[in-house]
Amino acid sequence: MPTLLVVDDEPTVRHALRQGLASDALQVDAVGTGAEAIDRVARDRPDAVVLDVRLPDMSGLEVFDRVRAVAPRVPVVIITAFDAADTAIQAMKRGAFEVLIK
């Protein structure tokens, strides 16, 4: 079964995405920090990642770079609550699959 890893520091966002996206055909896991995300990607190799830009322990772009180092083919969708064009440009330059505003 394909797996999606959601990375967001807000418990309500993690819960909403897990509830909204999980199905019989998709397993959705969620973590709240960048370190957890990097560990989970290295260990479990999810099929895709939804990654918040602002995390408590490091920036989402730093997490993105480290995820790319351990799993270069995993598609990563960047999400942010802040409409920051510069962040979107940086994420796309790094190879993000998409950038979405929460």
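Me: What makes the five strands one sheet, and in what order do they stand?
Reply: In this predicted model, five strands form an open sheet in the order β2-β1-β3-β4-β5, with parallel pairing. Two strands count as paired if there are at least two bridges between them. β1 and β2 have five bridges, so they pass that test.

Me: Which strands are the edge strands, and why are they called that?
Reply: They are β2 (27-31) and β5 (98-101). Each of these pairs on one side only. From one strand to the next, the twist averages 20 degrees.

Me: What is the bridge partner of L5 in β2?
Reply: L5 has D29 as its partner there.

Me: Which strands does helix α1 touch?
Reply: Helix α1 (residues 11-21) packs on the sheet and touches β1, β2, β3 and β4. The direction of α1 makes about 175 degrees with that of β2. The angle scale runs from 0 to 180 degrees between N-to-C directions.

Me: How do you know that strand β1 (residues 3-7) pairs with β3?
Reply: Four bridges join them, and the two run parallel. At least two are needed, so β1 and β3 count as a pair. One detail of this pairing is V7, whose bridge partner in β3 is L51.

Me: How many bridges does β3 form with strand β4 (residues 76-80)?
Reply: Four, again in the parallel sense. Here V50 stands opposite V77 in β4.

Me: What makes a right-handed β-α-β unit here?
Reply: The unit is made by β3, α3 and β4. With the strands pointing away from the viewer, a path from the first strand over the helix to the second that runs clockwise is called right-handed.

Me: Why is strand β3 (residues 48-52) called mostly covered?
Reply: Four of its five residues are buried. Buried means under 20% relative accessible area.

Me: Is D52 buried or exposed, and how do you know?
Reply: D52 belongs to strand β3. Its relative accessible area is 4%. The limit for buried is under 20%, so D52 is buried.

Me: What is D52 in contact with, leaving aside its neighbours within four places in sequence?
Reply: D52 is in contact with V7, D8, D9, G60, I79, T80 and K102.

Me: What makes R40 and D44 a salt bridge?
Reply: Their side chains meet at 3.7 Å, N to O. The cut-off is within 4 Å, so the pair qualifies. R40 and D44 are four residues apart in helix α2 (residues 34-44), which means about one helical turn separates them.

Me: What else forms a salt bridge with D44?
Reply: R43 does, with the closest N and O atoms 3.2 Å apart. That distance is also within 4 Å. D39, R40, R43 and D44 are linked in a network of salt bridges. The structure holds five salt bridges.

Me: Why does R43 count as exposed, and D44 as partly exposed?
Reply: R43 has 52% relative accessibility. Exposed means over 50%, so R43 counts as exposed. D44 has 40%. Buried needs under 20%, and partly exposed lies in between, so D44 counts as partly exposed.

Me: How do you know that R94 and D65 form a salt bridge?
Reply: Their side chains meet at 2.8 Å, N to O, and the cut-off is within 4 Å. R94 lies in helix α4 (residues 85-94) and D65 in helix α3 (residues 60-70), so the pair ties together parts that are 29 residues apart in sequence. R94 is partly exposed at 32% relative accessibility. D65 is partly exposed too, at 34%.

Me: Which residues have the most contacts inside the largest nonpolar core?
Reply: They are V7, V49, L51, V63, V76 and I78. This core has 22 residues. Elements β1, α2, β3, α3 and β4 each give two or more residues to it. The largest share, four residues, comes from α3.

Me: What is I78 in contact with, leaving aside its neighbours within four places in sequence?
Reply: I78 is in contact with L51, V53, F64, A91, A96, E98, V99 and L100.

Me: How many residues does the other core have?
Reply: This core has six residues, among them V6, V50, V77 and I79. It lies apart from the largest core.

How values were computed. Residues numbered from 1 in each chain as written. Predicted model: local features only at pLDDT ≥ 70, side-chain atom pairs only at ≥ 80, totals over all residues. Heavy atoms only, no water. Buried < 20%, exposed > 50% of the residue type's maximum accessible area, 1.4 Å probe, protein only. Contact = heavy atoms within 4.5 Å. Core = buried A, V, L, I, M, F, W, Y, C linked by side-chain atoms within 4.5 Å.
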